[in-house]
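Subject: Structure handover

Hello,

Here is the structure for your files. My notes on it follow below.

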Amino acid sequence: MFLSKLLHIEKGVFATVGSGGKTTLLHVLARELLGRVIFSTTAHIYPPADIPLYVGGDATALDVLLARHNRVAVGTPDESGKLVPSPLPFAALRDLADYVLVEADGSRGLPMKAHAPYEPILPEIPHRALCVLGAAGFGRRIADAAHRPALYAERAGVTEQAYITPAIAARVLCAEGGLSALFINQCDTAAQYAGARECAAHLAASGLHIPVFAGSLQEGTWICL
């Protein structure tokens, strides 16, 4: 099944937050979705290598580029070569495309993350958001596998030297709140799938009944738990 079907992606603005595969998930969706697709950010991301990039603030010029290619990344290059948000507001992007895919968080490539009070930075217009978590973090120390490890440990009620279990990951997700759907990525082994199922069970036991998906975005495999 296409990932876009599994996640029930509808036209409009869709954002990813969290860690462990946000960019890859959006790249998969950008390849699958039919119609005009804009790939954007509210954070700092590397520009996609496989689709055209628009860096200006002229909606008419972006419209012309979308007519030619259907898939376009938008943003403003910074001094590091990454993209920061486009000067065009999300309302303008939504009017130009069928789908606006937004990476709304940063995690420095780590599989787990604790959010600072100002994160994530979500689009200012109606949108749907999906949290991503990396199963590769299960069994690793918080100090090594989590972005903002001190904050992660505080929310988990343990030290930074504690090993991340599915129960701890679920505890942090519940403590942060605002979760409406979760994709547990990096499930490359049976043990990691088992960890994903355990994490989903802990979320449900905590009273958080949300759709939870698991899989390996790199391998192109995914299921609904």
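Which residue follows α8, and what is the sign of its phi? The residue is G207, and its phi is positive, near 95°.

This is a predicted model: local features need pLDDT of at least 70, side-chain atom pairs count only at pLDDT 80 or more, and totals for chains, interfaces and linings use all residues. Residues are numbered from 1 along each chain as its sequence is written, and side-chain values use heavy atoms, with hydrogens and water left out.

Helices (H or I, at least four residues) and strands (E, at least two) are DSSP runs, numbered from the N terminus. Two strands pair if DSSP finds at least two bridges between them.

The sheet is open and mixed, with nine strands in the order β3-β4-β2-β7-β1-β9-β11-β12-β13. Its edge strands, each paired on one side only, are β3 (53-54) and β13 (221-224). Helix α8 (residues 190-205) packs on this sheet and touches β11 (182-185), β12 (212-216) and β13; contact means heavy atoms within 4.5 Å. The direction of α8 makes about 165° with that of β12 (axes are lines fitted to C-alpha atoms, for helices over the stretch in contact, and angles run from 0 to 180 degrees between N-to-C directions).

The buried residues of α8 are Q192, G195, A196, C199, A200 and L203, while A190, A191 and A205 are exposed on the face turned away from the buried side. Buried means under 20% relative accessible area, exposed over 50%, partly exposed in between (1.4 Å probe, protein chains only). Cover for the buried residues includes α7 (166-176), β11 and β12.

Regards
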